[in-house]
Amino acid sequence: MPTSSYGLPVGHGLLFLAVAGATWGTTGAAVDLVYSASDAGPLAVSFWRYVSGLVLLFAGRAAVRALRRRGPGTAAPAPRPSGLPRRRVASRVATGLCLAVFQTAYFAAVPATGVAVATIVTLGASPVFVALSARLALRERLGRGGALAVAAALAGLTVLVLGGGEGAVRADGVVLALWAAASFAGSVVLARRAGSAGGGESSFTLTAWSFAVGAVVLLPFALAEGAVPHSGDLLRVVGLMGYVAAVPTALAYPLYFAGAAVVRAATASVVMLIEPVSAAVLAVGLLGERLTAPMLLGTLVLLTGVVFLTRAETTRSRATGPASPAGPEW
């Protein structure tokens, strides 16, 4: 299996991205249940997601270290990333800000223009922004085949999301969705650069910094909105938020950062389109929504684009060796 300069096999990186996208697809249903069970708002939910995710992240790391100390022998410590500390700190803070803005802007776009339009614009524009940013910042060339695969994935996304009904397009909501897409693109490119630069940034470190920065940024807004719910089923809310903190946050984000470090930025952004597929499967299988022909067609087209890009990524890595920011077109 081809291996990246980050030390992680490219195939594993693609799998990590797919798992992260699939778990992120469950977030919407869980958060919707939180809204229905309490008076919690989106900013408060986002804030507690970051805070509780950070706690679980450090608890998991402590548990792993304890198990290693009990085992036979001691693993060699991972090499520290090289480079100027200020650059590392700036990259970590910028990544956290991008993710905080992405989540907040998307949550604001949903009530402004509807779930369908907000999802299409945010997730659909993200690969385009990523491809442009990666070309300028990382010198990654998408190529004709990659552009066709991205176009197919975006077409599948549009059919999938609109398959359940039409959405009203409003300018303010579209602007917020584009802002969210640009912020997500920034996090992908920053994670790619941090992971591939001089020894590679630890996915744990990047995740912890992102959660901490996101929590600090969202704290005043969460307090203004009402950080603690005052009505509803508190135990149910705590249980749902525990799931959101553990699976699509503390588990998914380290996988996302590790995967984004070893594959091309445009590929990573398209693989993450598995998220709406996961959400559609969850809605049909658990929430009783009807599976329509457009939803099925959109899923097949989208997954075809994802499969094409992942195969192209592994083929390119096998042919050129460890991934580098400037590689051949594919």
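**Notebook: a helical chain, residue by residue**

I started with Ala-182, which counts as partly exposed because its relative accessibility is 36%. I placed Ala-182 in helix H7. I then looked for a partner distant in sequence. Ala-125 is 57 residues from Ala-182 along the chain, yet their C-alpha atoms are 7.8 Å apart. I keep in mind that this is a predicted model.

**Also in H7**

I stayed with H7, which covers residues 171-196 and holds Leu-178. Is Leu-178 buried or partly exposed? I read 34% relative accessibility for Leu-178, so it counts as partly exposed. I checked its distance to Thr-122 next. The two are 56 residues apart in sequence, and I find 5.8 Å from C-alpha to C-alpha.

**Over to H4**

I moved to Gln-103, in helix H4, residues 85-113. Gln-103 has 5% relative accessibility, so I log it as buried; the cut-off for buried is under 20%. I paired Gln-103 with Phe-184. They sit 81 residues apart in sequence, with 8.5 Å between their C-alpha atoms.

**H3 and its arginines**

I turned to helix H3, which runs over residues 42-70 and includes Arg-65. Does the length of H3 agree with its residue count, and what span should I expect? At 1.5 Å a residue, its 29 residues should span 42 Å. I find the end C-alpha atoms 42 Å apart, which agrees.

Which residues of H3 are buried? I listed Ala-44, Val-45, Ser-46, Phe-47, Arg-49, Tyr-50, Gly-53 and Leu-57. I noted a general point for reading such a list. An α-helix has 3.6 residues a turn, so residues three or four places apart point the same way.

Arg-65 is not on that buried list: I log it as partly exposed because its relative accessible area is 44%. I then asked what gathers with Arg-65 on the surface. I found a patch of positive charge there, made of Arg-61, Arg-65, Arg-68, Arg-69 and Arg-70. A residue needs over 30% relative accessible area to join a patch, so the 44% of Arg-65 passes that cut-off.

**Whole chain**

I closed with the totals. How many helices and strands does the chain have? I count 12 helices and zero strands. From the N terminus on, I read α for each element in the run. Of the 330 residues in the chain, 48% are buried. I put Gln-103 in that buried share, at 5% relative accessibility.

Key:
Residues numbered from 1 in each chain as written. Predicted model: local features only at pLDDT ≥ 70, side-chain atom pairs only at ≥ 80, totals over all residues. Heavy atoms only, no water. Patch = residues over 30% accessible without salt bridge, like charges linked within 9 Å, V, L, I, M, F, W, Y side chains within 5 Å. Areas by Shrake-Rupley, 256 points an atom, 1.4 Å probe, with all protein chains shown as cover. Salt bridge = Lys/Arg side-chain N within 4 Å of Asp/Glu carboxyl O. Lys, Arg positive; Asp, Glu negative; His and termini not counted. Charge placed at Lys NZ, Arg CZ, Asp CG, Glu CD. Helix = DSSP H or I, 4+ residues; strand = E, 2+ residues; numbered from the N terminus. Buried < 20%, exposed > 50% of the residue type's maximum accessible area, 1.4 Å probe, protein only. Expected span 1.5 Å × (residues − 1).
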